[in-house]
Amino acid sequence: MTKLADKIWMNGQLLNWEDAKVHVLTHALHYGTSVFEGIRAYETPHGSVGFRLRDHLQRLEDSARIYGINIPYTLDQMIAACKDTLTANGLKSAYWRPVAFLGENGLGVTPKGDNIKVDFAVAAFPWGAYLGEEGLTKGVDVCVSSWQRAAPNTIPNAAKMGGNYLSSYLIGKEARGRGYAEGLGLGTDGRLSEGAGENLFLIMNGKIHTPPVAASILGGITRDSIIKLAKADGIEVIEQALPREMLYLADEVFMCGTAAEITPIRSVDDIPTRAAGPGKVTKRLMTLFHGLFNGTTEDRFGWLDPIEAAVPAE
Ligand code: PMP
């Protein structure tokens, strides 16, 4: 395994990278019973910050709640674990990967009683532009996948659960195999849902459209941030079910997520968007979003969580 950082926080201890191991009979390895998050820490003119750290860890807790999994740490403890992992690795900006999972002591699909161990770990490592640096300036080419997102009342899309990513794996693999940067999934009703690991936004006549949370999406924290930033900037945002063909008619299309941040889409199914790359509204949103971290956008929603607070006094 390529070493990405020196230390990993696991079950209350900062371990060396090589020592952060699990047993081969770990429940989550067999059945996908893990909940996880992807969170970014940014270096700003005022020091390092976690972006919506508490909101992400709340979603982690919510994902676990859907499955009746009790993570043996409080929100504050998990926040401290993330911050400690960042500082222990000497990182100023990074991608955090907290994960809680059903561990050892039971290989039955439905674990009995409290016997099964819930493990919690956090890794922090540098991660650049998820869909490539060039994509941020030129936009990426995507396709609609032949794989649909999980139907409602099957596997809950609102939970960021390890097992959900089998859908993302298939959508992303098919798209990359066909030469596209990413794949978009439709819901089982044939309407737009989201990318393999990103939410989807369309801009038509200066208004922003995005599929609603009921469209088999993960309710992204970047999605929520963009909606709030856009509304505060006077741009109308409409959350509603969207037919596939809107992808080909929109002026601008972009995807967003913690890893992908705001990634403009240049073409869908080989049809260029009208802007054929980042358009005016997408660029404005990128400026507002990245402005949070370079100091040009006021943090009016209290999204930036300083890391320094966690550094223990010498
Ligand atoms: N949808 C899926 C399937 C994802 O994996 C992600 C990335 N976590 C997102 C949307 C975007 O969510 P967020 O903005 O909270 O990272």
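## Two domains

The domain assignment splits the protein into domain 1 (7-125) and domain 2 (133-294). The model is predicted. The C-alpha centres of domain 1 and domain 2 lie 26 Å apart.

## Confidence

Mean pLDDT for the protein is 95. Of its residues, 97% reach 70 or more. Residues 309-314 need caution: pLDDT stays under 50 there. For this stretch the model has 4 contacts beyond four places in sequence.

## The interface by area

The size of an interface is often given as the accessible area lost when the parts come together. Here, domain 1 and domain 2 bury about 1900 Å² between them. Carbon and sulfur atoms carry 64% of that area. On the domain 1 side, Phe36, Phe51 and Arg59 lose the most area to domain 2. Together these three residues account for 29% of what domain 1 buries.

In contact terms, 23 residues of domain 1 touch 24 residues of domain 2.

## Polar links across the interface

Between domain 1 and domain 2, 11 residue pairs are in polar contact, with both partners at pLDDT 80 or more. The interface also holds 2 salt bridges. Asp224 and Arg52 meet through their side chains in a salt bridge, at 2.8 Å from N to O.

## What domain 1 brings

Three elements each supply at least two residues of the domain 1 side that touches domain 2. They are strands β3 (34-36) and β4 (39-44), plus helix α2 (53-66).

By residue class, the domain 1 side has 10 nonpolar, 7 polar and 6 charged residues.

Note on methods. Residues numbered from 1 in each chain as written. Heavy atoms only, no water. Domains from an automatic or database assignment. Contact = heavy atoms within 4.5 Å. Buried area = accessible area lost by both parts, 1.4 Å probe. Salt bridge = Lys/Arg side-chain N within 4 Å of Asp/Glu carboxyl O. Polar contact = N/O pair within 3.5 Å; in protein donor to acceptor, adjacent residues only side chain to side chain. Helix = DSSP H or I, 4+ residues; strand = E, 2+ residues; numbered from the N terminus. Nonpolar A, V, L, I, M, F, W, Y, C, P; charged D, E, K, R; others polar. pLDDT = per-residue confidence, 0-100.
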